[in-house]
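Q: Could you take a close look at the place where the ligand is held, and walk me through what surrounds it?

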Amino acid sequence: MKEQLQAILTEVENAIPGIVKRSDFEAFKATISGPKGKLTDILKGMKNVPKEDRPAMGKLINEYKTQIEAFYTQALENLDALELAALIGPPIDPSLPSPDPAPGLLHPLTQTRRRMDDVFRKIGFTVAEGPEVETEWFCFDALNTPEDHPARDEQDTLFMPEDAKMGNVSKRGEERYILRSHTSTVQIRTMLAEKPPLRIISPGRVFRRDTSDATHSANFHQCEGLYIDREVTIKDLKAVLDYFVAEIFGKGSKVRLRPSFFPFTEPSFELDMMTPNLGKLSNQWIELGGCGMVDPKVFDAVGINSGKWTGFAFGMGVERIAMILHGIDDIRHFYNNDLRFLRQFA
Ligand code: PHE
């Protein structure tokens, strides 16, 4: 009897590793433990065993049965693992190059902004940042913009809702939060955080209550500039802008400063550019932004001694520069995420 049981156990042990299909396993198991299986036969033979031998015999059979069932469990685990591997497929090699033939590219506005950053960095400007959600003080008051200035009108500036459900985010003290309408806010933040001399640019997103058309968008980008030192003059402003347009638009490009008004600069100018290098757009004045000498009242607002320090500031539209550079006729192209447009800037 013991030899028979040992023979069955050996058979099971040898067969299990070769079984790779669930149906093969079931068929094999039936030959051992099925109604007509070898092990079942032995159990059936128990009735012919003398009564006194039965307990010892039963114990022996049970021991073998337990071992055989352990092999079954092992076989089922092997099958589970094989089926999972088949489902997952062959292993991948993460060190192989991507099969995607179209590489990603930077958005044309990002490319333009980086070009502008690079030009200013070469002449000692660093990049400063400020938040897009601002208070009226940073956006207007500190920039010498009176309470009744049209830019502060709800028609022009986007105010955060008074009853914002997100806690008390719509106000700081008595001041309402707004979406900044220009990057000049960063002039104020920089002057409060650092001592002159200062030389920063600040590219970033701004928001206005504009209806979108070919040349307007409710959000667009500006690049602010602020230069503070002793005895800074309009000549310094002009020299920086001349350098900038020559670097961006090529040799022979010129700057024109046209008298204008901004509350935070005195005198103030519109900044125009003309270049011989731009096909249809060549040899005509194109407006890029505004600029001027920092108004002493701004220095007063941030506690800088206006007897000692002088400076200039400028603000330029990033979309405007990208449109001129690439001959783009509609600002909305930048925001539509149409790959046919974007892929042209690879
Ligand atoms: N902030 C002004 C605008 O958005 C531009 C500007 C910046 C003018 C700095 C002068 C100095 O129109």
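A: **The ligand site**

Let's begin with a contact: a polar atom in the side chain of H182 lies 3.0 Å from a nitrogen atom of the ligand. Please keep in mind as you read on that this is a predicted model.

Two further contacts involve oxygen on the ligand side. An N or O atom in the side chain of R208 is 3.0 Å from an oxygen atom of the ligand. For Q222, an N or O atom of the side chain is 2.9 Å from a ligand oxygen atom. How much of the ligand does the protein bury? On its own the ligand exposes 320 Å², and the protein buries 89% of that.

As for where this happens, the ligand sits in the largest pocket. Three elements each give two or more residues to the shell around the ligand: β6 (219-229), β9 (286-294) and β10 (310-317). Among these, β10 gives the most, with three residues.

Now for the shell itself. There are 14 residues around the ligand, and those that come nearest are H182, S184, R208, Q222 and E224. You have already met H182 through its polar side-chain atom, 3.0 Å from a ligand nitrogen. Sorted by character, the shell holds five nonpolar residues, seven polar ones and two charged ones.

It may help to step back to the whole chain. The protein chain is divided into domain 1 (2-88) and domain 2, and domain 2 is made of two stretches, 108-133 and 180-345. The C-alpha centres of these two domains lie 83 Å apart.

While you have the model open, a few backbone details are worth a visit. P196 and P197 are joined by a cis peptide bond, with omega about 5 degrees. P197 lies in the loop that runs between α7 (185-193) and β5 (198-207). A cis peptide bond also joins E266 and P267, where omega is about 0 degrees. Here the proline is found in a strand, β8 (residues 265-274).

One last stop is E231, which is not a glycine and yet has a positive phi of about 55 degrees. E231 lies in the loop between β6 and α8 (234-249). That brings us back to β6, one of the elements that give two or more residues to the shell around the ligand.

How values were computed
Residues numbered from 1 in each chain as written. Predicted model: local features only at pLDDT ≥ 70, side-chain atom pairs only at ≥ 80, totals over all residues. Heavy atoms only, no water. Near = heavy atom within 4 Å. Polar contact = N/O pair within 3.5 Å; in protein donor to acceptor, adjacent residues only side chain to side chain. Areas by Shrake-Rupley, 256 points an atom, 1.4 Å probe, with all protein chains shown as cover. 1 Å grid on protein atoms, 1.4 Å probe; cavity = no way out; pocket = protein on both sides within 12 Å on 5 of 7 lines; lining within 4 Å. Sits in = over half its atoms within 2 Å of the grid points. Helix = DSSP H or I, 4+ residues; strand = E, 2+ residues; numbered from the N terminus. Nonpolar A, V, L, I, M, F, W, Y, C, P; charged D, E, K, R; others polar. Domains from an automatic or database assignment.
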